[in-house]
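Me: I am new to this structure and would like a close look at a single part. Please start with one helix and what surrounds it, then widen the view to the chains.

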Amino acid sequence: MHILFIEPDRLLARTYRQALELAGHTVHVAATAQAAVQAADEQRPDVVILELQLVGHSGIEFLYEFRSYDDWQAVPVVVLSLVPPGEFAGSRQLLAEQLGVHNYLYKPHTSLAKLQRTINQYTPVA
Amino acid sequence: MAERTSVQAALSEQLLLAVVEQLKLPLLQIARRAELGDAKTLPEIQTTADAAVKLLDNYLFGARLALDGQYELELEPVSVASVLYDSGQQLDALAKLYGVELELSLGGKFGPVMAHRSGLQSALVSLGYAMIEALPAQETSKLRLQLAAHRCRYGVVAGLYADADQLTTEALRLGRRLHGQARQPLTSVSHTSGAGVFVADAILQAMHAQLTVSKHHHLKGLGTVLQPNLQTQLV
Amino acid sequence: MKQIVTRAIVLGRTDFGEADRILTLLTPDYGKLRLMAKGVRRLKSKMAGGIELFSVSDITFIEGRGEVGTLISTRLVKHYGHIAENIDRTMLGYELIKRLNYATEDQPETVYFDLLEGAFATLDESAARDVLIKVWFDAQLLRLAGHTPNLTHEVAGARLVPENAYEFSFDDSAFRADANGNFTAADIKFLRLVFGSTSPAALAKIKDVSTLAERATPLVNFMRQQYIR
């Protein structure tokens with residue numbers, strides 16, 4: 001699969017990319033919301049992995065922008081974030097209904113193996 | 001005095017929250033890197049761990065001042081160039097890891113300034129770590145960080161500078177108000193709690209100095225004004 | 001064709017055709033505009049282009065023959081960057097934009113632009129709780145649409161008094177004395193403040209404000225849905 005990985009920290013990005021590439025995926029890392037939209041435009045991702053804490057524009061703002069394009073409304077999005085899920089419990093339903101986010105992974109609780117298993121749910125059927 | 005104690009205690013709590021939040025990042029970096037199980041990653045793990053320890057250490061330096069009631073650091077004549085150089089040495093490994101080019105830029109020859117040497121270095125290193133992490137996460141940043149000093153009307157400004165147009169006095173003001181409460185108090189320039197900036201702020205305040213947004217040539221960054229050692233001028 | 005310059009806040013963006021986007025913008029002097037941004041689709045995201053959400057921009061546009069004009073240029077004036085760092089607050093910001101968009105199908109006046117900009121400023125800096133901001137915003141939408149409930153006299157005409165309990169009559173848009181009523185003097189006083197205040201930040205220091213706001217929310221929410229959209 002082609003994965004768009006939105007991760008602002010360079011070191012974490014390198015580690016995650018290496019792990020996903022070892023599992024056979026192609027990965028494009030974008031550090032910012034703007035770079036992520038441009039990357040998606042260059043190559044449509046099969047799945048987006050998204051950190052919510054970005055510089056300037058948050059991951060939520062990226063999602064609103066991303067979902068406003070017809071072609072990208074069905075692309076699965078997995079949130080992998082430093083923000084604890086409890087901190088946005090009030091918005092979960094809105095996020096699911098309006099932005100199509102159904103999978104939330106909290107970084108401190110998500111090993112590379114767990115991330116891989118989550119991504120595997122979105123493998124396109126041949 | 002009691003009022004100041006409670007203010008300092010409050011600042012320490014906010015700082016502590018920001019530092020604790022910040023520490024998630026290097027520990028995550030270490031954990032995920034180690035999970036890859038590649039022996040070549042050990043130097044990276046070491047650099048990341050070192051940075052985390054230094055952040056803690058610099059925080060403790062500042063926090064102890066508040067808890068012990070030592071609000072003021074004793075000042076002595078210090079060579080700015082030497083402090084900048086030593087700070088750069090400490091920052092070098094992490095800068096390389098993040099792909100940030102570190103440079104030393106001294107706008108002239110400076111006599112000694114009045115400062116607390118280890119406090120000033122702790123502050124600059126804290127600041128440096130925060131900026132090294134933040135630069136690659138910004139939209140159009142060139143990955144170059146300058147440790148620099150130049151003269152101004154009020155003394156000698158020493159600080160760290162980069163291509164950071166979004167760093168404004170207003171952003172810093174809001175950041176000071178929000179740190180420990182907001183996840184990203186410096187949201188226009190950093191994706192983290194920016195703890196290193198506020199640790200530097202606290203240490204500098206104990207030196208009767210202040211962190212301000214300033215310019216060095218065409219670069220923008222955070223610096224502090226230091227007073228020249230007047231005694232040498234009398235000789 | 002004459003170019004017009006105005007301040008604007010983005011309410012929404014959608015795709016149009018192969019290369020264009022249509023923006024819905026709220027302006028102080030021209031109400032709600034729908035403008036085509038030509039050729040921007042996919043070239044780069046306009047998140048950095050001065051027409052991003054939670055921002056106020058200066059725009060230049062040309063009126064169209066039909067409903068949609070053409071956007072010529074934009075310049076960012078103020079970006080409320082702190083809204084986006086808290087997720088619940090971000091979602092609240094989008095929710096307020098959506099509510100204002102629904103409430104202003106007809107051409108809105110300057111006051112709606114001021115209301116939204118004020119809401120952004122509050123969200124960006126204020127310590128006011130989300131529940132307070134939401135109920136205040138809804139109350140302002142009701143007030144601007146001419147639907148402020150009667151908060152001084154009950155249905156029968158007598159003045160509202162602190163000793164009584166009341167229930168709200170939606171048909172009359174007023175309170176009715178009711179020994180088993182859910183609303184007390186504190187609730188009604190809070191509603192007066194919420195409908196009358198130009199900023200929720202001014203209300204943030206009221207004692208038990210979150211509880212009062214939570215109690216007022218179903219009433220104000222229902223009124224908004226009934227009378228506006």
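Reply: What follows starts with one helix of chain B, then moves to its surroundings and to the other chains.

Keep in mind that this is a predicted model. The part to look at is helix H5 of chain B, residues 169-178. Five names matter on its inner side. B:Ala171, B:Leu172, B:Leu174, B:Gly175 and B:Leu178 are buried. Why do they line one face of the helix? Look down the axis of H5(B): the buried residues fall within an arc of 165 degrees, so they sit on one face. In an α-helix there are 3.6 residues a turn, so residues three or four places apart point the same way.

Now turn the helix over. The face of H5(B) directed away from the buried side carries B:Thr169, B:Glu170 and B:Arg173, which are exposed. Just after H5(B) comes B:Gly180, with a positive phi of about 90 degrees.

What covers the buried residues of H5(B)? The cover includes S6 of chain B. This strand, residues 211-216, pairs with strand S7 of chain B, residues 219-228. The pairing is antiparallel and runs over 6 bridges. For one position, find B:Thr212, which stands opposite B:Gly223 in S7(B). S6(B) and S7(B) form a hairpin, with 2 residues between them. In that turn, B:His217 has a positive phi of about 55 degrees.

How far can chain B be trusted? Its mean pLDDT is 86, and 90% of its residues score at least 70. Among the elements of chain B, H3(B) has the highest mean, 95. The lowest belongs to helix H7 of chain B, residues 230-234, with a mean of 59. Where pLDDT is low, the predicted coordinates should not be read in detail.

Next, the neighbours of chain B. Chain A comes first here: 24 residues of chain B are in contact with 21 residues of chain A. On the chain B side, helix H1 (2-36) and helix H3 (80-98) are the elements that give two or more residues. H1(B) gives the most, with 8 residues. By class, this side of chain B has 8 nonpolar, 9 polar and 7 charged residues.

Chain C also touches chain B. Here 5 residues of chain C are in contact with 7 residues of chain B. The chain C side divides into 1 nonpolar, 3 polar and 1 charged.

Chain C itself has 5 helices and 7 strands. From the N terminus, its elements run β-β-β-β-β-α-α-α-β-β-α-α. The domain assignment gives domain 1 (3-79) and domain 2 (126-227). Taken over C-alpha atoms, the centres of these two domains of chain C are 36 Å apart. The C-alpha trace of chain C spans about 65 × 35 × 25 Å along its principal axes. Of the 229 residues in chain C, 38% are buried.

One residue of chain C makes a good last stop. C:Asp124 lies in helix H2 of chain C, residues 110-125. Is C:Asp124 buried or partly exposed? Being buried takes 20 or more other C-beta atoms within 10 Å. C:Asp124 has 19 C-beta neighbours inside 10 Å, so C:Asp124 counts as partly exposed. Leaving aside neighbours within four places in sequence, C:Asp124 is in contact with C:Tyr80, C:His82 and C:Ile83. C:Lys38 is another matter: from C:Asp124 it is 86 residues away in sequence and 31 Å away in space, C-alpha to C-alpha.

Terms used:
Residues numbered from 1 in each chain as written. Chains lettered and ligands numbered in written order. Predicted model: local features only at pLDDT ≥ 70, side-chain atom pairs only at ≥ 80, totals over all residues. Contact = placed C-beta atoms within 7 Å. Helix = DSSP H or I, 4+ residues; strand = E, 2+ residues; numbered from the N terminus. Nonpolar A, V, L, I, M, F, W, Y, C, P; charged D, E, K, R; others polar. pLDDT = per-residue confidence, 0-100. Domains from an automatic or database assignment. Buried ≥ 20, exposed ≤ 12 C-beta atoms within 10 Å, placed from the backbone. Pairing = 2+ DSSP bridges. Arc of directions from axis to C-beta.
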